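I opened the model today to look up a sheet and some pockets. My notes follow.

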Amino acid sequence: MRSARRLSRRKERAARSEFLADGPQAVREALSSAAQPRLLLVTGRGAGRHPEIVDLALRSRVPVGLVTDQELATVSDATTPQGIVAVCPALDVDLATALAGAPRLIVCCAEIRDPGNAGTVIRCADAAGADAVILGSASVDLYNPKTVRASTGSLFHLPIVTDADLPVALDRCRDRGLQVLAAAGGGAYALDELVRNGDLAQPTVWLLGNEARGLDQDLLVAADRVVSVPIYGAAESLNLSTAAAVCLYASAFAQR
């Protein structure tokens, strides 16, 4: 328990290359992935609600520890712990691994600071069939518990690069034949225009900026096009994860 509890600290997660997957959905996906958890912690109530997860862990020879609700509450930062937490090995990959094969859709996040947004972008990328997610060096920790929880298990489904040097990453994407589209308000190209023109059928990396400031000028210049999502109503803008979903699905539809 003490060892698992320390994983609430980023420094400890980095030193041990481990993180916590909290809740039945995340744990289920962890147990179904190639990177098997190193330990499953479950309360009596959690085991009663999710016997299939405990059974899967035992069949996969993952050690299972029965703990009290009070003990698990010291590990989980969830407002309402669901009684099941897994200690998992780090999943991030290097850029070459993420770009292996023939990727057609990638999302690249520059300075994404909100863990909930980061997890939701990963979930959107997974749902849209993206080939990889790239997080810039100034972005939130992939293994922040809120990021992991917001991804609802999607971080186990696709390659994720962390601490990326974005100009280098974008150059490597371009070398693999992907166009770089930066999503930003006031962009010279409207998303619906690219849809009509068929431009989104090309292999694409979507570049997304900071939640408050957007993209720095050097990254806007590095993009092949700066694209805005049309606002048809009175809303001032879309939040980051919503814009990511719209852009990723526009590409996914076009590529299919």
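**Entry 1: the sheet.** I looked up an open sheet of four strands in this predicted model. The strand order is 1-4-2-3, and the pairing is mixed. Which strands stand at the edges? I found strand 1 (18–22) and strand 3 (64–67) there. Each has a single partner strand, so one side of each is left without a neighbour in the sheet. Direction ignored, neighbouring strands are turned by 20 degrees against each other on average.

**Entry 2: one strand pair.** I then checked strand 2 (residues 39–43) against strand 4 (residues 84–89). They run antiparallel, and four bridges join them. V42 stands opposite I84 of strand 4.

**Entry 3: helices on the sheet.** Helix 3 (residues 24–31) packs on the sheet and touches strand 1, strand 2 and strand 4. I noted about 40 degrees between the directions of helix 3 and strand 4. Helix 5 (residues 51–59) also packs on the sheet, touching strand 2, strand 3 and strand 4. Its direction makes about 150 degrees with that of strand 2.

**Entry 4: the largest pocket.** I read off about 440 Å³ of space. The pocket has 22 lining residues, with A183, A184, G185, L238 and A243 closest to its centre. Strand 11 (225–228) and helix 13 (240–255) each supply at least two lining residues. The lining has 12 nonpolar, seven polar and three charged residues.

**Entry 5: the second largest pocket.** This one holds about 230 Å³. I listed 15 lining residues; R10, D141, Y143, T162 and D163 lie nearest the centre. Which element gives the most to this lining? Helix 2 does, with three residues. By class I noted six nonpolar, four polar and five charged residues.

Conventions
Residues numbered from 1 in each chain as written. Predicted model: local features only at pLDDT ≥ 70, side-chain atom pairs only at ≥ 80, totals over all residues. Heavy atoms only, no water. 1 Å grid on protein atoms, 1.4 Å probe; cavity = no way out; pocket = protein on both sides within 12 Å on 5 of 7 lines; lining within 4 Å. Points joined across faces, edges and corners; volume = space filled by probe spheres on them. Nonpolar A, V, L, I, M, F, W, Y, C, P; charged D, E, K, R; others polar. Pairing = 2+ DSSP bridges. Axes fitted to C-alpha atoms, helices over the stretch in contact; angles between N-to-C directions. Contact = heavy atoms within 4.5 Å.
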